[in-house]
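Here is a short tour to follow with the structure open beside you. Keep the viewer handy, and stop wherever a residue catches your eye.

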Amino acid sequence: MRFDTDTYREILDALTRNKRRSLLTGFGIFWGLFMLLFLIGGGRGVKALLMRNFEGFASNSIVIAASETTKPYRGFKEGRTWNLQYKDIERLQVLVPELEVVTPELPKWGLIATRDDHTASCHAKGVRADYVKVETPSMKFGRYLNEVDVQQKRKVCVIGERIWQSLFPDGDNPCGQYIRVGSVFYQVIGVDVSTSNINIGGSSAESVTLPITVMRDLMNSGEAVGMICAIGREGVNMGDLEGKIRQVIAGQHYIDPTDEEAMMVLNMEVMFSIMDNLFRGINFLIWMVGIGTLLAGAIGVSNIMLVVVRERTVEIGIRRAIGATPKDILSQIVMEGIALTAVAGLSGIVFSVLLLQLLETIAHHAVFQIQFSTAISALLLLMILGLLAGIAPAYRAMHIKPVDAMRDE
């Protein structure tokens, strides 16, 4: 056997070319794992941002509102106006026992709140104390309305964040201070800083919440209510109750139960379900794209290792000639494939974590970061793919004979 300078130069050239190919393949794996983890973390953060629109709102709730009829019924023509009443609340509580909370709301829009020289446009809504179960407030100062406020018709209010910022620009605690809404003065007992964009009767940031008894006298609404909010008991599907609710209310107001325009029923459970299904589909798509990218990277590893084995035939032959066993050759090639995927994979994890941390810093109140178990699972999957990708090249290298390697040289 002849081992001259040209032979060793050939081996070194092959190793240099292999490094370049390995870098390209490693970048493909790095990019695949980075995209997978970045999309998972990004999807998680986007979901958190979107779900902030529903923050504090009961997911198993229904909102009922009255409108003009669009169908004739029992001698009444279409186009008839009607109102929900307090008696409808009592009927729902008795005839629909699956409902845990049934509470009214009286809204009024286009009002102006003033304090000294400060003004703010607002809307008022009268509610009972149990309304807190429908739309949970986030109190920065003070408290929410209670039963005593409602029963004693106290002229107190809970104001939204924008009204607080407009009327109290210094950021002081407004509790105990008085503001005027319309022509009536109310004592502020709390500030609600909820960020939810799903609100009944208007944005909570621009609302003045009053006891419904006070609002009832102010509007002289009598037995009429603007809307009825209901929450189902645990385990109850609100979609199954919608028809029953329509039957109970429509029967007392001589309305066709099938006239959906006359009685608008907003099922929040359906909206939450749509959001969950949407992000479930997005997560499935993310994993499909990510795994597909990783598989492409693994195939690239397998191809580059086959080229490596081909170009390192002389090297492998020399190792076999000086005593290396087929098992040694097998472990070498497999470990090179695993090492390539591991280094590229860890780099992808680190880069994706850093970029997601940057997004989390920019977007407040949203968690973009991936879970540790997700990163480890992705890395283990990548290691398994690297192991499988190295089997075929290792099998070929294991069967290289020293004589054939020297002849190839």
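Two residues are in contact here when they have heavy atoms within 4.5 Å of each other. By that measure, the buried residues of helix α5 pack against α2, β3 (99–115), β4 (118–127), α3 (147–151), β8 (184–192) and β9 (207–211). Please keep in mind that this is a predicted model. The notes below start with the whole chain and then visit a few places in it.

**The chain as a whole**

- The secondary structure comes to 11 helices and 12 strands.
- Of the 409 residues in the chain, 44% count as buried.
- Among contacts between residues at least 6 apart in sequence, 80% join residues at least 24 apart.

**Helix α5 and what follows**

- Helix α5 covers residues 212–219, and its buried residues are Ile212, Thr213, Val214 and Met215.
- The partners of these buried residues include two helices you can pick out in the viewer, α2 and α3, as well as strands such as β4 and β9.
- Just after α5 comes Asn220, which has a positive phi, near 50°.
- For background, most residues other than glycine have a negative phi.

**Helix α2 against helix α6**

- A pair of packed helices is described by the angle between their axes and the distance between the axes.
- How do α2 and α6 cross? The axes of α2 (residues 86–95) and α6 (residues 238–253) come within 10 Å and cross at roughly 135°.
- Because of that angle, α2 is oblique to α6; the cut-off for roughly antiparallel is over 145 degrees.
- The crossing of α2 past α6 is right-handed.
- On the α2 side, the contact is made by Asp88, Arg91, Leu92 and Leu95, while α6 brings Lys244, Ile245, Val248, Ile249, Gln252 and His253.
- By type, the residues of this contact divide into five nonpolar, two polar and three charged.
- Which residues of α2 are buried? They are Tyr86, Asp88, Ile89 and Leu92.
- These buried residues cover an arc of only 155° around the axis, so they sit on the same side of α2.
- An α-helix has 3.6 residues a turn, so residues three or four places apart point the same way.
- Asp88 and Leu92 are among the buried residues of α2, and both of them also take part in the contact with α6.

**Strand β4: Ala124 and His118**

- Ala124 lies in strand β4.
- With a relative accessible area of 1%, Ala124 is buried, because the cut-off for buried is under 20%.
- Leaving out residues up to four places away in sequence, Ala124 touches Leu106, Pro107, Lys108, Leu111, Val208, Leu210 and Met215.
- One of these partners, Met215, is also one of the buried residues of α5.
- Ala124 and Leu106 are 18 residues apart in sequence, and their C-alpha atoms are 8.3 Å apart.
- His118 is found in β4 too, but its relative accessibility of 30% makes it partly exposed.
- Outside the four places on either side in sequence, His118 touches Ala113, Ser166, Leu167 and Pro169.
- From His118 to Ile163 the C-alpha to C-alpha separation is 9.9 Å, with their positions 45 residues apart in sequence.

**Loops with a positive phi: Arg74 and Tyr254**

- Where is Arg74? It is placed in the loop between β1 (61–66) and β2 (84–85).
- Arg74 has a positive phi, near 50°, although it is a residue other than glycine.
- With 59% relative accessibility, Arg74 counts as exposed.
- Tyr254 is found in the loop between α6 and β12, and its phi is positive as well, about 55°.
- Buried or exposed? Tyr254 is in between: partly exposed, at a relative accessible area of 41%.
- Setting aside neighbours within four places in sequence, Tyr254 is in contact with Tyr73, Arg74, Phe76 and Arg80.
- Tyr254 and Pro72 are 182 residues apart in sequence, yet 9.6 Å apart in space from C-alpha to C-alpha.

**Strand β12: Asn267**

- Asn267 is found in strand β12 (residues 263–267).
- At 7% relative accessibility, Asn267 counts as buried.
- Apart from neighbours within four places in sequence, Asn267 is in contact with Ser61, Ile62, Met238, Gly239 and Glu242.

Note on methods
Residues are numbered from 1 along each chain as its sequence is written. This is a predicted model: local features need pLDDT of at least 70, side-chain atom pairs count only at pLDDT 80 or more; totals for chains, interfaces and linings use all residues. Side-chain values use heavy atoms; hydrogens and water are left out. Axes are lines fitted to C-alpha atoms, for helices over the stretch in contact, and angles run from 0 to 180 degrees between N-to-C directions. Helices (H or I, at least four residues) and strands (E, at least two) are DSSP runs, numbered from the N terminus. Angles under 35 degrees count as roughly parallel, over 145 as roughly antiparallel, 65 to 115 as roughly perpendicular and the rest as oblique. A crossing is left-handed if the near helix is turned anticlockwise from the far one by less than a right angle, and right-handed if clockwise. Ala, Val, Leu, Ile, Met, Phe, Trp, Tyr, Cys and Pro count as nonpolar, Asp, Glu, Lys and Arg as charged, and the others, Gly among them, as polar. Buried means under 20% relative accessible area, exposed over 50%, partly exposed in between (1.4 Å probe, protein chains only). The arc is that of the directions from the helix axis to the C-beta atoms.
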